Amino acid sequence: MTIEEAKQKIIEVIVESTETEMEIGEDTALYEDMGLASVEVYVMLCDLEEVFGISIPASALRRIRKVGDLCELVIDRLSKN
């Protein structure tokens, strides 16, 4: 899986997890633009863990503000598997 394919899959999971109809890109802010609560972002992390077969520590939640942050985190975890 290429980085671009991974990013596209991450965005698909975000759309499915949040049931949003927004146009999502790497610059989309999860809290400000999408209006998500931290528990919703946590559920999304769990969905990403399941889809990609990775483990994401809950402490990573503090660093995630935008979709791009989430992409970097997941891709970093994938590279360590």
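This is a short conversation about reading a few features of a predicted model.

Biologist: Let's start with helix α3. What span should the 13 residues of helix α3 have?

Modeller: Remember that this is a predicted model, and we can still check its geometry. Counting 1.5 Å a residue, helix α3, residues 67-79, should span 18 Å. The C-alpha atoms at its two ends are 18 Å apart, which agrees.

Biologist: Nice. Which residues of α3 are buried?

Modeller: First, the general idea. An α-helix has 3.6 residues a turn, so residues three or four places apart point the same way. Here, the buried residues of α3 are Val67, Gly68, Leu70, Cys71, Leu73, Val74 and Ile75.

Biologist: And what do those buried residues pack against?

Modeller: They pack against α1 (3-18) and α2 (38-52). A residue of α1 gives us a close-up: Lys7 lies in that helix, and Lys7 touches Cys71 and Ile75, along with Glu26, leaving aside residues up to four places away in sequence.

Biologist: Is Lys7 buried or exposed?

Modeller: Buried means under 20% relative accessible area. Lys7 has 18%, so Lys7 counts as buried.

Biologist: You mentioned Cys71. How many disulfides does the structure have?

Modeller: A search of the whole structure finds zero. For a disulfide, the two cysteine sulfur atoms must be within 2.5 Å. The cysteine sulfur closest to that of Cys71 is in Cys46, and it is 17 Å away, so a bond is ruled out by distance.

Biologist: How accessible are Cys46 and Cys71?

Modeller: Cys71 has a relative accessible area of 1%, so Cys71 is buried. Cys46, at 30%, counts as partly exposed.

Biologist: Now the surface. Which residues form a nonpolar patch there?

Modeller: To find a patch like this, we look for accessible nonpolar side chains that lie within 5 Å of each other. In this model, Val39, Tyr42 and Val43 form one, with about 270 Å² of accessible area together. Take Val43 as an example: its place is in helix α2, and Val43 is partly exposed, with a relative accessible area of 41%.

Biologist: One last feature, the backbone angles. What is phi of Glu19?

Modeller: Phi of Glu19 is near 55 degrees, a positive value in a residue other than glycine. You can find Glu19 in the loop between α1 and α2.

Biologist: Is Glu19 buried or exposed?

Modeller: The cut-off for exposed is over 50% relative accessible area. Glu19 has 71%, so Glu19 is exposed.

Notes
Residues are numbered from 1 along each chain as its sequence is written. This is a predicted model: local features need pLDDT of at least 70, side-chain atom pairs count only at pLDDT 80 or more; totals for chains, interfaces and linings use all residues. Side-chain values use heavy atoms; hydrogens and water are left out. Helices (H or I, at least four residues) and strands (E, at least two) are DSSP runs, numbered from the N terminus. The expected span of a helix is 1.5 Å times one less than its number of residues. Buried means under 20% relative accessible area, exposed over 50%, partly exposed in between (1.4 Å probe, protein chains only). Contact means heavy atoms within 4.5 Å. Patches are made of residues with over 30% relative accessible area and no salt bridge: like charges are joined within 9 Å, nonpolar side chains (Val, Leu, Ile, Met, Phe, Trp, Tyr) within 5 Å. Accessible areas come from the Shrake-Rupley method with a 1.4 Å probe; for residues, only the protein chains shown count as cover. A salt bridge is a side-chain nitrogen of Lys or Arg within 4 Å of a carboxyl oxygen of Asp or Glu.
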